[in-house]
Amino acid sequence: ESLSLNPDDGLSFSLPLRATFEDAIWEALAVTRHMFQVVVELSKRTDARIVMRPGPWELPEVYGFLPKRVPHVSIEPMPLQHEYVKNAFVTVDDTSTLGLESLLAGTPVVSLNRLVQRLGEHVGGEGGTRFNAPFKHFYWRPGTVDEAVGYILQAERGELDATPAPEELRRYAQDHFAWPVRRPASFATGEM
């Protein structure tokens with residue numbers, strides 16, 4: 001794939017142009033490693049079911065070891081995203097639009113980005129929209145694994161607000177998605 005890559009296009013719309021394949025791989029591994037750390041620590045403090053939903057580009061088998069190590073983990077690659085976020089008491093993510101969907105469903109999001117040291121060196125900077133996403137401030141952003149687990153446990157008890165910035169989220173959703181809708185979508189479609 002790297003042989004056919006146009007350097008002017010970059011690797012992905014969400015990574016800076018300067019990002020290399022090594023940066024993208026580093027990011028994926030670093031975020032996944034921290035996700036696993038959070039899952040292991042969380043499992044020590046709750047019996048809640050922990051659902052891992054691999055992304056559409058991931059192989060679910062990669063997560064196969066987790067249920068063997070943590071019995072109340074399940075790997076579920078197939079639930080529809082809107083049902084998945086609506087039925088969760090919290091979503092743990094890095095900085096993706098899955099989090100935005102969670103927030104629209106009223107589900108808090110705990111982002112792993114601050115846990116990963118030097119993440120910005122690999123995928124931040126100009127054009128690094130995954131790292132610099134304008135909506136990342138709507139997510140709970142712990143600095144340690146213990147803090148992340150604390151947020152998740154608060155969410156399990158129903159004590160964690162959906163976002164630390166409700167007014168900013170409201171403005172962002174209205175400006176970018178016209179959410180909540182003021183008129184039925186069929187009217188807007190008909191006017192096009």
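Student: Where should I begin with this structure?

Tutor: With one definition: a residue is buried under 20% relative accessible area, exposed over 50%, and partly exposed in between (1.4 Å probe, protein chains only). The model is predicted: local features need pLDDT of at least 70, side-chain atom pairs count only at pLDDT 80 or more, and totals for chains, interfaces and linings use all residues. Residues are numbered from 1 along each chain as its sequence is written, and side-chain values use heavy atoms, with hydrogens and water left out.

Student: Why is arginine 170 called partly exposed?

Tutor: Arginine 170 has a relative accessible area of 42%. That value falls in between the two limits, so the label is partly exposed. Glutamate 167, at 40% relative accessibility, counts as partly exposed too.

Student: What makes glutamate 167 and arginine 170 a salt bridge?

Tutor: The term needs a side-chain nitrogen of Lys or Arg within 4 Å of a carboxyl oxygen of Asp or Glu. Here the N to O distance is 2.7 Å, so the pair qualifies. Both residues lie in helix α7, 3 residues apart, which is about one turn of the helix. Salt bridges that share partners join Glu167, Arg170 and Arg171 into one network.

Student: How many salt bridges are there by this rule?

Tutor: The count comes to 7 salt bridges. One of them joins aspartate 146 and arginine 45, whose closest N and O atoms are 3.0 Å apart. Aspartate 146 lies in helix α6 and arginine 45 in the loop between α1 and β1, so the pair ties together parts 101 residues apart in sequence.

Student: Is aspartate 146 buried or exposed?

Tutor: Aspartate 146 has a relative accessible area of 54%, so the term is exposed. Its partner, arginine 45, is partly exposed at 43%.

Student: How do you know that α7 has the span expected of a helix?

Tutor: Helices (H or I, at least four residues) and strands (E, at least two) are DSSP runs, numbered from the N terminus. The expected span of a helix is 1.5 Å times one less than its number of residues. For the 12 residues of α7 this gives 16 Å, and its end C-alpha atoms are 16 Å apart, so the two agree. Helix α1, with 23 residues, reaches 33 Å from its first C-alpha to its last, close to the 33 Å expected.

Student: Why does glutamate 27 count as buried?

Tutor: Glutamate 27 has 5% relative accessibility, so this residue of helix α1 counts as buried. With contact meaning heavy atoms within 4.5 Å, glutamate 27 touches Leu15, Asp94, Leu119, Val123 and Arg130, not counting residues up to four places away in sequence. The cover over the buried residues of α1 includes β1, α2 and α6.

Student: Why is the pair of phenylalanine 36 and tyrosine 63 given its name?

Tutor: The structure holds 6 aromatic pairs. In this one the ring centres are 5.7 Å apart and the planes stand at 85°, so the pair is edge-to-face. The rule is that rings of Phe, Tyr and Trp (its six-membered ring) pair if their centres lie within 6.5 Å, with planes under 30 degrees apart stacked, over 60 edge-to-face and the rest tilted. Phenylalanine 36 is buried at 17%, and tyrosine 63 is buried at 8%.

Student: What makes the pair of tryptophan 140 and tyrosine 151 tilted?

Tutor: The centres of these two rings are 5.2 Å apart and their planes are at 45°, so the pair is tilted. Tryptophan 140 is in the loop between α5 and α6, while tyrosine 151 is in helix α6, 11 residues away. Tryptophan 140 counts as buried at 15%, and tyrosine 151 counts as buried at 16%.

Student: What is notable about the phi of arginine 118?

Tutor: Most residues other than glycine have a negative phi. Arginine 118 is not a glycine, yet its phi is positive, about 70°. This residue lies in the loop between β4 and α5 and is partly exposed at 48%. Alanine 178, just after α7, also takes a positive phi, of about 50°.
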